[in-house]
Amino acid sequence: MSRFEERLAENRVIVSDGGTGALLTAAVPRLRCPEEANLKAPEAVIGVHTGFIRAGAELIETNTFGANRRKLSAQFLDDRLEEILERGVKLAREAREVAGVPALVGGSIGPLGDLEGSTGAEDAYAVFHEQATLLEGRGVDLFLVETFYDLDELETAIRAVQDVSALPIVAQLTFDEDAQTLAGVSARQALERLRSLEVAAAGANCGLGPQAALSALSDISEEANGFPLTAQPNVGLPARSGGRIVYPNATPDYFSEFAAQARNLGARVIGGCCGTAPAQIAAIRGGP
């Protein structure tokens, strides 16, 4: 049994981290993508990770969400794919050592997206397989396959990871406030399909904010029957201001209340996504 599965078996909430990519984008100027910080500003990456750990995160995600050949090729970084992934894991593990806390390191894998100018990634399975192979070989404790809008693409990513590694997988989709994906798949339908793939946990992340995540959990909590659910929402919808993406302010008390409701609905992994900072994670850890 993996360390992640051992912690799930303890029947308590595992607190995850927050919006690593958004924090790095705000902190490091002229990044082509957040994952470039692994090369340009490793100290900033370690700083973000340690900030979340010290706030109470027991699970941190590698800064590799968009580090696949398709997305990196659009930023002319695909020739440094292996280095970006290797450093992403290394920096997360270093942050764990700096903080002196045995936090779990999850290998973050996001969707391919539809990026104009990207090349050489028509085979989605091959792209996910390559990314998972590099992450697994560098020492992650589990995989977080997350922020997918399309359930079929998520299933492809899960199969690719499972063909590479026996490590546990957390699978997460983005839902609207009606607990549906953009393609109209309900959270209940998604859970049924994901459970059949034998993932370790599944749920909602990113999206419109805590209320959308809670809506998805409400839709599936009765069907879960003890299966571990997850909730890692954005603080809310972002806006653009002066060329920058700005997220709304969500007070720690608001996130504490969200976490309490998520726990009651069966969430066993609770954290944040874009716009969430250590203050919100500390509130989740502290609870109401």
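This report covers the overall form, the main sheet, one helix and the cysteines of a predicted model.

**Overall form**

The protein has twelve helices and ten strands. Its radius of gyration is 17 Å, close to the 19 Å that the globule rule gives for 288 residues, so the protein is as compact as a globular protein of that length. The C-alpha trace spans about 45 × 40 × 35 Å along its principal axes. Of the 288 residues, 54% count as buried. The exposed area is about 12,000 Å², and carbon and sulfur atoms supply 47% of it. Contacts reach far along the chain: among those with a separation of 6 or more, 78% join residues 24 or more positions apart.

**The sheet**

Eight strands form an open sheet with parallel pairing. Their order is β1-β10-β7-β6-β5-β4-β3-β2. The edges are β1 (14–15) and β2 (59–61), each of which pairs on one side only. Inside the order, β3 (residues 104–109) runs parallel to β4 (residues 142–148), and four bridges join them. Gly-106 stands opposite Leu-142 in β4.

**Helix α11**

Helix α11 covers residues 252–264. Its 13 residues should span 18 Å at 1.5 Å a residue, and its end C-alpha atoms are 19 Å apart, which agrees. Phe-255, Ser-256, Phe-258, Ala-259, Ala-260 and Ala-262 are buried in this helix. An α-helix has 3.6 residues a turn, so residues three or four places apart point the same way. What lies over the buried residues of α11? The cover includes α10 (210–224), β7 (229–233), β10 (267–270) and α12 (278–286). Two of these elements, β7 and β10, also belong to the eight-stranded sheet. Just after α11, Gly-266 takes a positive phi of about 100°.

**Cysteines**

How many disulfides does the model hold? The count comes to zero. A bond would need two cysteine sulfur atoms within 2.5 Å. Cys-206 is in no disulfide, and the nearest cysteine sulfur to it belongs to Cys-273. The sulfur of Cys-274 also has Cys-273 as its closest cysteine partner, but the gap is too far for a bond. The two residues compare as follows.

| Cysteine | Closest cysteine sulfur | Sulfur distance | Relative accessible area |
|---|---|---|---|
| Cys-206 | Cys-273 | 4.0 Å | 12%, buried |
| Cys-274 | Cys-273 | 4.1 Å | 22%, partly exposed |

The cut-off for buried is under 20% relative accessible area. Cys-206 counts as buried because its value is 12%. Cys-274, at 22%, is partly exposed.

Conventions
Residues are numbered from 1 along each chain as its sequence is written. This is a predicted model: local features need pLDDT of at least 70, side-chain atom pairs count only at pLDDT 80 or more; totals for chains, interfaces and linings use all residues. Side-chain values use heavy atoms; hydrogens and water are left out. Buried means under 20% relative accessible area, exposed over 50%, partly exposed in between (1.4 Å probe, protein chains only). Helices (H or I, at least four residues) and strands (E, at least two) are DSSP runs, numbered from the N terminus. The expected span of a helix is 1.5 Å times one less than its number of residues. Contact means heavy atoms within 4.5 Å. The radius of gyration is taken over C-alpha atoms; the globule rule is 2.2 Å times the number of residues to the power 0.38. Accessible areas come from the Shrake-Rupley method with a 1.4 Å probe; for residues, only the protein chains shown count as cover. Two strands pair if DSSP finds at least two bridges between them.
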